[in-house]
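Me: Could you take a close look at one part of this model for me? I would like to know how the chain that meets the others is put together and what it touches.

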Amino acid sequence: MAQNRGHIPKSRQREKPREGLKYIGKSMKRVEDPRILTGRGIYADDINLPDMAHVAIVRSSHAHARIKRIDTSKAEKLPGVLAVLTGAQAAELTGPLPTWSSPPVFQRVIAHEKVRHVGEAVAAVCAESRYIAEDACDLIEVEYEPLPIVVDPEEALKSRGDAVLHPDHGDTNLILESKFDFGPVAEDFARADHVVKRRLRWPRSGGTPMETNGATAVWDPGSQRFTIHANTSMYNFVGWMIADTLKVPHHKLNIVPTLAGGSFGAKLFLYKQPVMAAMFAKLVGRPVKYLEDRLDASLNNDAHASDRVYYVELACKKDGTLLSFKQRIIDDYGAYFQYGVGQHGNALAQVVGAYAINSVGVHVQAVLTNKNQQGAYRGFGSEVANFVIERLVDAAADELKLDRIEIRRKNFIKKDQFPFLIPTGNMYDSGDYEKVLDETLKLLDYKGWKKKVEEMRKAGRYVGIGIASTQERSVFSSTEFWMWNLDGKIGWTSSPDSMSLKIDPRGRIYGTLHSPFWGNSPETVATQVIAEQFQVDPSNIEITYSDSDKGLHSTGPGGSRFTVMVTGAIVGAAAILKKKIFKIAAHMMEANADDLELRDGNVVVKGAPGKKVSLQDLAFHAYYMRLSMPDPEDPELTSGLDATYVYDHPVTTLPDPKREHMGIFYPIMGHMCHSMVVEVDPETGQFKFLDYACVHDSGVMINPMTLEGHMRGGVVNGIGSAASEQYFYDKNGQPTNNLFTDYIIPSISESPADMKCGHVETPSPFTEYGIKGGGEGGRMGTPPALAQAIEDALSPFGIKITELPLTQNVIRRLVREAQAKKAAD
Amino acid sequence: MKPAPFRYVRARSVDDAVAALARDPEAKLLAGGQSLIAMMNVRAVKPETLVDINALSALDYIKVKDGGIAIGAMTRHETVKSSPLVAEHCPLLAEAYHWIAHRAVRNRGTYGGNLCHADPASENPAVALVTGATMVLKSAKGERTVAADDFFKGVYQTAARHDELLIEVRIPSRPKGQGWGFMEVSPRKGDFAMTAVVCTLELAGATVKTARVAYAGIADRAMRFAPVEAALTGKPANEATFAAAGAAARKAINPSSDFHADEAMRRDLAETLTRRVLAAAKARCT
Amino acid sequence: MSNEKITITVNGKRYDKEVEPRRLLSDFIRDDLRLTGTHVGCEHGVCGSCTVLMNGKSVRSCLTFAVMADGAEIMTIEGLGTAENMHPLQKGFWEKHGLQCGFCTPGMLMTAVELLKEKPRPSVDEIREALSGNLCRCTGYQTIVESIQRGAEIMQGGK
């Protein structure tokens, strides 16, 4: 019986992928850079307002405890202290923080009655300086009544009584459990020749940008409005939720984005910092800044990432055909549950990887523990899915005695099968996985390395090759979140991005973005697309950012959306403007509007090279010569040249009401193959890269240089996740490595010196120009390839890698255990 | 992450500094500050008084003296690292500096401050042990010298009394023919060691005449272990001996576990690095 | 805990200020002088974002008290070049995409200034050694190395 996987809607693509584009596809230097390179970029901590005060928080030293008593009297008396708030006081001034979990798990800006993880705010001080605020924090005495501490996610399944973090959700820390069978899982397993079984462990890391999260708030008692400067995203999507928490009407809050010094998900939506700053700003009547310091950022930033235990089974035929895939996942969400299990929706977007696997069984158990809560990190949970499916495919190859590359080739979704609906209902829009693999093998010189590795092994060296073919879903639709909610209600289905365009009287083009800069290249991308649309030189284009007062509906970057979405919005706004431009130009040149096109800053008549009007003259005309318009009463010919456009998600469908599939929710499907050669020192557990090559298919590229920037940067994130990074909590819930001295972000010395990048472009049939997202793929492709390479290098020991991060300590332990086992045998 | 307030005293001379220490039992010295200020920023320490000795340029020198080199305590790491005198007389110290911190930290951090901070995972104390360095301490009452073997007492603890200032470190020149080695495993390059092993080795023909081996990152301080050196002295300078020394190291140390390396890892590293560092040292015996 | 009077020259401009002894040089530069191009990433000396030059040598401004810089000459990113007239290293970073979010970039640039002063034509290994104490979360470092090589080339008169 064929599974109902849903339907594929018609494409709304207007700009077909094509040769001969002038600005798209070029490695243009970034327009963001001059101000950033000269120290003139304004980041969150660079907001400096007259009379500004500063907030510091008292962080809980307990992982789980009742707050018995807080004595703030000494702190209040310290000169320079303006206000001190406890959780009880803050609860009177503010409501619960925004959450997407359903039913909601409430979190407050300052913990009230109970602390649920080390580092959670139990009190906060606003003072003349951050120094004084921290002095005052030292003077606050908190008495705790310890509660049982839950650290291990599998133990959390058994918690009862006082060990339960949120008893209003029942006597359990299992906050959400969901089971889906997508397709005929039981039947597929019944016809399998072989089932691969593994327990896999993906560790808790985090985006950990160099800049922490922060906000500066101003309360204007005259207009009764808050203005909040913050390095946030999604402020034009759900920024109004902060007004709810601050107990003001939504229009009494304006959020102004600053530059973000990196996010990788950690700044997807700031609420704690804006609420903290705003709460105090109103209270003390002065501008107030709350910037996380590095300890706040690792202990209390709501941005740790997936922390999962997988029990997985992969059903295969003897010849290596992959049939079905079953997974039970226990995911440690920490103390709160802001995005629900959005990270698992994400994973299901590409859960079968690059393979035509017929069915998938998923059992997710989301547990709460006494840790900083999960948020988003480059991949948002789907990077884990990549690791899991690739580890299983490697295992299947090994157990079936097949070649690791050939088993992939055999199971790839073939290039003529796109658009392809996978069992979960998500669509893969386009791809050519064999080509990406072949290009990667070429770029790495796989054959050459194979030979070299053999020789090196003969010389006693432990060298291995890793190759993984993985997916990069891009352009999320908000349906990915609510399919999981158990109340059965239809949730949000909109997730657009917008653009405002204006051509001024002298022909210069202004683009206003409604999404912020968070370390990507939004101004450059917009400039290149606008230049293409209007055929003007990029030096005539100026890009700025709206605040939320002037903001249009925009989801913001995240889920590798931005480039696709802003391009769609620009194309939409440009179409409106061009229609007007051609109408006016037709009149000015006495030509037919259908015969006109834009070229080199002019409107020209096709096939009549001399006949043209410059955009500059035309704009002047449009602004000031209303009565010289073709028809002054034409409602499309109002004075000036401006347009806005809200571009909705290019292709998304509703989940199946019977929950047989999730609909199309993450369909613009990138693909990449990462390959590397590593040498391991089995005695010390150290490894080094001998070579690295990766090929990405991000559809049509707007700027290959910035895309490669994301690829390489992502690789090093991936190396961190796979080999060194872990936010670790001991059995008492005490974080052991909350500073950069011990949370090991790879430095240049741990990063490959030469990461060779290649590209395959299979255009998306659904997005403008065929673009796909490409912001996350690097991190999503590296871990499974690195695990495979290290496993290959250590193959003489027969080691199977099932856990990350592969620190020196872990690699050495695996070798030691293998040696002990061999000695015992 | 801002430091707590403190009283600030700027010492203009060595006498000034020791007088300030004598005056105020709560005073702590501020040299390069590369460890101290980081600890103050997280308020792990809140000294009441800091005596800033950065103006003591009289303690910024490297010179040849009495069959060795004398390094002023306020000599910045980077100066030591790039010193031709150090390379000539104490090549082990020069080599160790490939593993120590990063340029900007070395520009400010001082050699003396590093030793007095006595971080158990720091490299320089272990080097001081095997090179037989001597610390020259000065107080208002006078000067005294302490051998490196007696100097390091525990985590951030040394033999220097509260009122004493380390002014100079004397390191005997490498005896002709002596080999040396330094090896370390750390989470990242420039990080503190999970385990570091340092050695000097002198041969008499094919036999080990003397060997000194010191360890960082495996105890509350940098340490030498008699069984390790006993496993070497008078033995043939070969792989088997070096392996025996490694095995002795594995047994002699009593390391603790932390997030980066558990006890077994540190024992493994001590054994492996001992073996390797001795082989490297042998290759340098001329 | 009285304040200290200090005189510091930053980017060629002399400042006479009174500071608390505990005031970090990073805060002095950013908040007292309003030169916010110097960024504070970790505030415990690991990330290198706050690196400035003190008497020509790179230092962590978060691991230096402002009083320790009394009498010193400091150079920050603002002293390097302007958008109209970039320093060769800034040009190199622009051309070779040596930055994404730009937060670590001031520290990278100041570290590179020191390197090129000593080694006008550094090798890849020398650049990697020099940058070993500066964390970047965006680029993967490779283009930063290329940027510095390009900056060196421009400084040497290359086009």
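Reply: Happy to help; what follows is a walk along chain A, from its contacts with the other chains to its interior and its aromatic rings. Please keep in mind that this is a predicted model.

Let's start with chain C. Here 55 residues of chain A are in contact with 47 residues of chain C, and the two chains bury about 4400 Å² between them, with 57% of that area on carbon and sulfur atoms. On the chain A side, the residues that lose the most area to chain C are A:Leu37, A:Tyr131 and A:Ile748, which together make up 20% of what that side buries. There are also charged contacts, with 4 salt bridges found across the interface of chain A and chain C. In a salt bridge between the two chains, the side chain of C:Arg137 meets that of A:Glu725, at 2.6 Å from N to O.

The partner in this interface has a division of its own. Chain C splits into domain 1 (4–78) and domain 2 (88–155), and the C-alpha centres of these two domains of chain C lie 21 Å apart. Their contact takes 18 residues from domain 1 of chain C and 15 residues from domain 2 of chain C. Together, domain 1 and domain 2 of chain C bury about 1200 Å², 58% of it on carbon and sulfur atoms, and 0 salt bridges are found across their interface.

Now to chain B. Against this chain, 30 residues of chain A are in contact with 28 residues of chain B. The area that chain A and chain B bury between them is about 2400 Å², and 50% of it is on carbon and sulfur atoms. A:Glu683, A:Gln808 and A:Asn809 supply 23% of the area that chain A buries against chain B, more than any other three residues. Salt bridges are found here as well, with 9 across the interface of chain A and chain B. In a salt bridge of this kind, the side chains of B:Asp268 and A:Arg812 meet at 2.7 Å, N to O.

A further arginine of chain A is worth a look. A:Arg813 is found in helix α22 (residues 808–824) of chain A. With a relative accessible area of 23%, A:Arg813 is partly exposed. Its C-alpha atom is separated by 28 Å from that of A:Lys452, a residue 361 positions away along the chain.

Within chain A, the division gives domain 1 (429–474 + 667–825) and domain 2 (496–647). Taken over C-alpha atoms, the centres of these two domains of chain A are separated by 42 Å. Even so, 17 residues of domain 1 of chain A are in contact with 16 residues of domain 2 of chain A. The area buried between domain 1 and domain 2 of chain A is about 1200 Å², and carbon and sulfur atoms give 62% of it. On the domain 1 side of chain A, A:Ile702, A:Glu768 and A:Tyr769 lose the most area to domain 2 of chain A, together 47% of what that side buries. The count of salt bridges between domain 1 and domain 2 of chain A is 0.

For a view of the interior, turn to helix α13 (residues 404–411) of chain A, which is mostly covered, with 6 of its 8 residues buried. Those buried residues are A:Arg404, A:Ile405, A:Ile407, A:Arg408, A:Arg409 and A:Asn411. Among the elements of chain A that cover the buried residues of α13(A) are β14 (322–332), α12 (382–399), α15 (446–458) and α21 (777–793).

Finally, the aromatic rings. A search of the whole structure finds 26 aromatic pairs over all chains. In one of them, the rings of A:Phe237 and A:Trp492 have their centres 5.7 Å apart and their planes at 90 degrees, so the pair is edge-to-face. This pair links distant parts of the chain, with A:Phe237 in helix α7 (residues 235–238) and A:Trp492 in the loop between α16 (479–482) and β19 (497–503), 255 residues apart. A:Phe237 is buried, at a relative accessible area of 10%, whereas A:Trp492 is partly exposed, at 38%. Elsewhere, A:Trp100, A:Phe269, A:Tyr271, A:Tyr339 and A:Phe380 form one aromatic cluster. Charges also sit over rings: A:Lys282 lies over the face of A:Trp219, 4.5 Å from the ring centre, and the charged end of A:Arg561 sits over the ring of A:Phe476, 5.1 Å from its centre.

Terms used
Residues are numbered from 1 along each chain as its sequence is written. Chains are lettered from A and ligands numbered from 1 in the order in which they are written. This is a predicted model: local features need pLDDT of at least 70, side-chain atom pairs count only at pLDDT 80 or more; totals for chains, interfaces and linings use all residues. Side-chain values use heavy atoms; hydrogens and water are left out. Rings of Phe, Tyr and Trp (its six-membered ring) pair if their centres lie within 6.5 Å; planes under 30 degrees apart count as stacked, over 60 as edge-to-face and the rest as tilted. Helices (H or I, at least four residues) and strands (E, at least two) are DSSP runs, numbered from the N terminus. Buried means under 20% relative accessible area, exposed over 50%, partly exposed in between (1.4 Å probe, protein chains only). A charge sits over a ring if NZ of Lys or CZ of Arg is within 6 Å of the ring centre and within 35 degrees of the ring normal. Domain bounds come from an automatic or database domain assignment. Contact means heavy atoms within 4.5 Å. Buried area is the accessible area (1.4 Å probe) that two parts lose on being put together, summed over both.
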